[in-house]
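The exercises below are to be worked with the sequence and the coordinates at hand. Each task is followed by a solution that proceeds step by step.

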Amino acid sequence: MDDQGIGSGDLTRMAVLALIGQRGPTSRAVIARDLDLSPATVSQVTRRLIERGVLEPLDFEPSIGGRPGQLLGLVATAGHAVGVKVAVDHLAIVDVRLDGQVVTSRTEPFDVMAPEAVGRLAASLRPFVDDGHSPLLGVGVGVPGIVNRPDLGMVDAAVLGWVNMPIGRQLRAELDTPILVENDVKALAIAERLYGRGRNRRNFVVITIGRGVGFASVSDGVVRRGASGGGGEIAHVVLSPSGPMCACGSRGCLEAFVGADGLVTAGRVAGVLRGNEGLGRLAELAEGGDGKAQEVFARAAQRLARAVATTMAALDPEVVLVAGEGTTSWHHWDGPFRATLARYLPASMRGVPVEVDSWDDTSWARGAAAIVLATPFDRNAFAGRQRPHVLARLHGSRDGIDEEAG
Ligand SMILES: [Zn+2]
C-alpha cells in the first residue's frame, strides 16, 4: 500500500482502465506492451474486469501477420457518479457515466444561507443517489472555496458563508455513499484531465471567469492542491490594498477587480452603467460597440493576464484553458488578454496556446462528478479514505479485490 492506501492490484487495474479510457478499445497485447506488464498479469486483470462488467470484449483488431488480438472496451454503464456544484443561489446536479457522458442534469434554486442548508442539499441529491441503476461510485461536490482534504470534505468558502463546514461528513451520514468534496476549479481541471483538452497533456492551467475568478494547475499529470488545498488561489492575491471590497473580506483582490461585481463597479465608475444595470447590460453595450464598456472588459483582461503570466512562469504549462460562465463574453477579453500575456511572459513562453472551452450550465457539475470518476482511472486522484469505497463499488467487494492483488 502507498500513502494513499492504494495496493499494487489497484494500481495495475487503474493503469489498464486509464489506458483503455484514453486510447479507446485496446488489445491485451498492446496493454502488456504499453504498461510493461506480463501477458499473464494482463489476462488475469482483464478477466476480472470483464467478469465485473467494467470491460467488454469487442471485435478483433486487423493485424498484418500474426494472430489478431481481441479488443477490450470500457463499459460506460458499469458505474456512474453524481456531481453537484454548490452556488450561493442554486445547485446544478448531473448524473454522469463512466465515460463522462451526462445522463441527466438538473438545476434548482438553493439558499445556502438558510438553516439546514446541508440537509436540503442532501434532500436534492437523494433522488439521484437512490435511482437504482448501475453502481453509484459516489457523489462529487464542487464548491467555490478551499477544501483541505476532498475525502474529509471540510469546506471554507467565504462566498457561501461556510467556515470549517464538515460537508463531507454530513452528506455521508445522510446519503450513505462515498462523498468527495473539492474546490470547483480544481474539479474542472480534473474533468479536463479525464475527458477534455487535458487528456493528452501533463502540464496545463485552467482559469475561469464569471462571478469569481478561478485558477487551477496540473503539473506532471497531478492537480496541484498545495499544503492545505489552497494551491491556485490567485483570485485573492491583493493587487491594491485600498481597492474595492472582495467577498473574501480583503480589499483589492484580483477577483474584486475582474469578477462579475468588479466589472459592474468599474462600469458604474466609468459612467457606462446606471442604477441597477448589471453585467448583462455591460456586455450588451460592449457588443453594440460602446468603447467605454469595451474598455472595462479590456482592463479586466489585462489585470487577469498579468496575474496569469506570473503563474505561467512558475509552472511552464503546455496550454492555458479558459472556462467559466463568463466566457460567453470572452471575445471582449480575448484581444487585450493575449496582448498583455505576450508583453509580460518570459520570451520562451509567448507561444503557449490559450484555448477557450465551450461552456454550458452542466460544466461545473460535470467537474464535480469527475472528482469521483477519476478515482478508478488515476492513481494521483486525491480520494484518500474514500478511495477503497469508490473502488469497491466498481470492482465488487473489497475482499474480491484483494484476492488477486499481488
Ligand atoms: Zn478576495
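Two residues are taken to be in contact if their C-beta atoms, placed from the backbone, lie within 7 Å. The model used throughout is a predicted one.

**Exercise 1. Which residues is Met 154 in contact with, leaving aside its neighbours within four places in sequence, and is Met 154 buried, exposed or partly exposed?**

Step 1. Locate the residue: Met 154 belongs to strand S9, which covers residues 154-157.

Step 2. Apply the contact criterion, setting aside neighbours within four places in sequence; the partners of Met 154 are then Val 147, Asn 148, Asn 164, Met 165, Pro 166 and Gly 168.

Step 3. Count the surroundings: 19 other C-beta atoms lie within 10 Å of Met 154, and because a residue is buried at 20 or more and exposed at 12 or fewer, Met 154 is partly exposed.

Step 4. Add a distance to a residue far along the chain: His 389 is 235 residues away from Met 154 in sequence, and their C-alpha atoms are separated by 19 Å.

**Exercise 2. State how confident the prediction is for the protein chain, and give the residues over which pLDDT stays under 50.**

Step 1. Begin with the chain as a whole: the average pLDDT is 91, and 95% of the residues score at least 70.

Step 2. Turn to the stretch with low values: over residues 398-406 pLDDT stays under 50, and for this stretch the model has 17 contacts beyond four places in sequence.

**Exercise 3. Describe how the protein chain is divided into domains, and characterise the contact between domain 1 and domain 2.**

Step 1. Set out the division: domain 1 comprises 8-77, domain 2 comprises 78-190 + 362-374, and domain 3 comprises 198-356.

Step 2. Take the distance between the C-alpha centres of domain 1 and domain 2, which is 31 Å.

Step 3. Examine the contact, to which domain 1 contributes 6 residues and domain 2 contributes 6 residues.

Step 4. Sort the residues on the side of domain 1 that touches domain 2 by class, which gives 4 nonpolar, 2 polar and no charged residues.

**Exercise 4. At what angle do helix H6 and helix H12 pack, and how far apart are their axes?**

Step 1. Recall the general description: two packed helices are described by the angle between their axes and the distance between the axes.

Step 2. Read off both values: helix H6 (residues 184-195) and helix H12 (residues 363-373) pack at an angle of about 70°, and their axes are 7 Å apart.

Step 3. Classify the angle: because angles of 65 to 115 degrees count as roughly perpendicular, H6 is roughly perpendicular to H12.

Step 4. Identify the residues that make the contact: H6 supplies Asp 184, Ala 187, Leu 188, Ile 190, Ala 191 and Leu 194, while H12 supplies Trp 364, Arg 366, Gly 367, Ala 368, Ala 370, Ile 371 and Leu 373.

Step 5. Group these residues by class, which yields 10 nonpolar, 1 polar and 2 charged residues in the contact of H6 with H12.

**Exercise 5. Assign Ser 217, Ser 219 and Asp 220 to the buried, partly exposed or exposed class, and list the contacts of Ser 217 and of Ser 219.**

Step 1. Place the residues: Ser 217 is in strand S13, Ser 219 is in strand S13 (residues 213-219), and Asp 220 is in the loop between S13 and strand S14 (222-223).

Step 2. Count C-beta neighbours within 10 Å: Ser 217 has 25 and counts as buried, Ser 219 has 16 and is partly exposed, and Asp 220 has 8 and is exposed.

Step 3. List the contacts, not counting residues up to four places away in sequence: Ser 217 touches Val 205, Arg 224, Gly 232 and Leu 315, and Ser 219 touches Asn 203, Arg 224 and Leu 315.

Step 4. Inspect the backbone of Asp 220, whose phi is positive, about 50°, although Asp 220 is not a glycine.

**Exercise 6. Which residues of helix H8 are buried, and what do they pack against?**

Step 1. Select the buried residues of H8 (residues 260-269), which are Gly 262, Leu 263, Val 264, Ala 266 and Gly 267.

Step 2. Find their partners: the buried residues of H8 pack against helix H7 (254-258), helix H9 (279-287) and helix H10 (291-315).

Step 3. Look beyond the helix, where H8 is followed by Gly 271, a residue with a positive phi near 75°.

Notes:
Residues are numbered from 1 along each chain as its sequence is written. This is a predicted model: local features need pLDDT of at least 70, side-chain atom pairs count only at pLDDT 80 or more; totals for chains, interfaces and linings use all residues. pLDDT is the predictor's confidence in each residue, from 0 to 100. Domain bounds come from an automatic or database domain assignment. Ala, Val, Leu, Ile, Met, Phe, Trp, Tyr, Cys and Pro count as nonpolar, Asp, Glu, Lys and Arg as charged, and the others, Gly among them, as polar. Axes are lines fitted to C-alpha atoms, for helices over the stretch in contact, and angles run from 0 to 180 degrees between N-to-C directions. Helices (H or I, at least four residues) and strands (E, at least two) are DSSP runs, numbered from the N terminus. Angles under 35 degrees count as roughly parallel, over 145 as roughly antiparallel, 65 to 115 as roughly perpendicular and the rest as oblique.
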